Amino acid sequence: MNRTIHPSGPLRGEIRIPGDKSISHRAVMFGALAEGMTEASHFLMSADCLSTIFCFEKLGVRTEIDRDADTVRVYGRGLHSLTAPDSVLYTGNSGTTTRLISGILAGQAFDSVLTGDSSVCSRPMNRVIRPLTGMGASVRSKNNNGCCPLHISGRNLHGIDYMSPVASAQVKSCILLAGLYADAETSVTEPALSRNHTELMLSGFGACVRSDKTNDGWKASIQPEPSLKGQSLSVPGDISSAAYFIAAALLVPGSEVLIRNVGINPTRAGIIEVVRSMGGSIELINKTAQGGEPAADILVRHSPLRGTVIEGDHIPALIDELPVCAVMAAFADGRTEIRDAAELKVKESDRISSTTEALSSMGCHITATDDGMIIEGGRPLHGAEIDSRKDHRIAMSMAVAALAAEGETTIRDAECIDISYPEFYQDMQSLAE
Ligand code: S3P
């Protein structure tokens, strides 16, 4: 489906964005492994999170989805009572489902096959195959290309002390979940701190998890656990989804938008610092916290922006927001450089190439580098036909660019936003009225 977007008048009012995708996935997974019921309210009912639910249903876990109340109930089976799936586990477009569930399947007493759509099947899985094999599991890439489909034979696992070459919450979480089934402590050290929802949430479910800064990087450790306990949790709004409204309000003259109850965990909230460094008006109000996850309302007003540099240890805290940061940079005065972000190449699309191509076609002076982008901002953008590459974050980022550009923009395969934010276009429309 194509979607046509026109330049917008001021965006004004309040918005409550859907629940956090990373936390919603984990609520289902950890709930499935816990004793008793887990109830997650303000759960994100998007295609990716439904992929996680369907996979666990195939593993014998009963769930109840209440769409009207945005609530999911997961009736946990405990760590050792998942049942062998009767067919392939299909993870759709979801890298998080694929990598995290691999760690769980590595500890089961049965075999499973895991695959996803063409994007998931082109994403690197050696980053989880290697440590899981090191723990004693048998994980084979069926086509011997380091990608899905994966054939996983669960085994008795050994504790491992793994140095991850990349800062990746998916890799870290996969290893920690396998560590629940190991015979001794398991730890994973990453070069910079990636999102820490797994550490916080597993602690809430009763696991013994530590996180320490060491000379080698950030080390997360877990003890093998006899049992986890089901929890009730309220999922905060997803800052990755809020990012599109933060950017739109900054870019469209006359805008003022209040975004309610957004998760501002410091391992996720890098975009707030970037907006400040670009001179944008952004305020955090009504701060709260639940289960170790801080949240706040975010008030954003239209502001002139200036270029900035985004690099180093800050990258994991806004990795999914870099395409929309590039859009902000296109409208900012001066040059913006994004460095140390080679991970962008292995997301739902190669986001260095998809962002660069899309913004160039709108008239932006943007250059791809090996690990980021250089954007010469400040020229007006014009409407164009954009290939979203079926990547939800590219479709939404370019929809924001279209609001502040001149003329009409068409986004191809625009329905891919269902992966993380099915009501995105309606919510955007509601602020423009
Ligand atoms: C996620 C981790 C990140 C992020 C993804 C969600 C998670 O991936 O890009 O959208 O929920 O753990 P990496 O771990 O590959 O950086």
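The following questions and answers concern a ligand site and some backbone features in a predicted model.

Me: On what basis are residues numbered and values computed here, and what pLDDT do local features need?
Reply: Residues are numbered from 1 along each chain as its sequence is written, and side-chain values use heavy atoms, with hydrogens and water left out. The model is predicted, totals for chains, interfaces and linings use all residues, side-chain atom pairs count only at pLDDT 80 or more, and local features need pLDDT of at least 70.

Me: Which residues are around the ligand, and how many of the shell are charged?
Reply: The residues around the ligand (with a heavy atom within 4 Å of it) are S22, R26, T96, R99, S168, A169, Q170, R195, I319, D320 and K347. Asp, Glu, Lys and Arg count as charged; Ala, Val, Leu, Ile, Met, Phe, Trp, Tyr, Cys and Pro count as nonpolar; the others, Gly among them, count as polar. By class, the shell has two nonpolar, four polar and five charged residues.

Me: How far is an oxygen atom of the ligand from an N or O atom in the side chain of K347?
Reply: A polar contact is a pair of N or O atoms within 3.5 Å. Polar side-chain atoms of S22 and of D320 each lie 2.7 Å from an oxygen atom of the ligand. For K347, the distance from a side-chain N or O atom to a ligand oxygen is 2.7 Å.

Me: Why does the ligand lie between domain 1 and domain 2?
Reply: The domain bounds come from an automatic or database domain assignment. The ligand lies between the two because residues of its shell come from both domain 1 (3-19 + 236-432) and domain 2 (21-233).

Me: Which residues does a cis peptide bond join?
Reply: Most peptide bonds are trans. Here, one with omega of about 0° is cis, and it joins C148 and P149.

Me: What is the phi of N261?
Reply: Most residues other than glycine have a negative phi. N261 is not a glycine, yet its phi is positive, at about 55°.

How values were computed
Polar contact = N/O pair within 3.5 Å; in protein donor to acceptor, adjacent residues only side chain to side chain.
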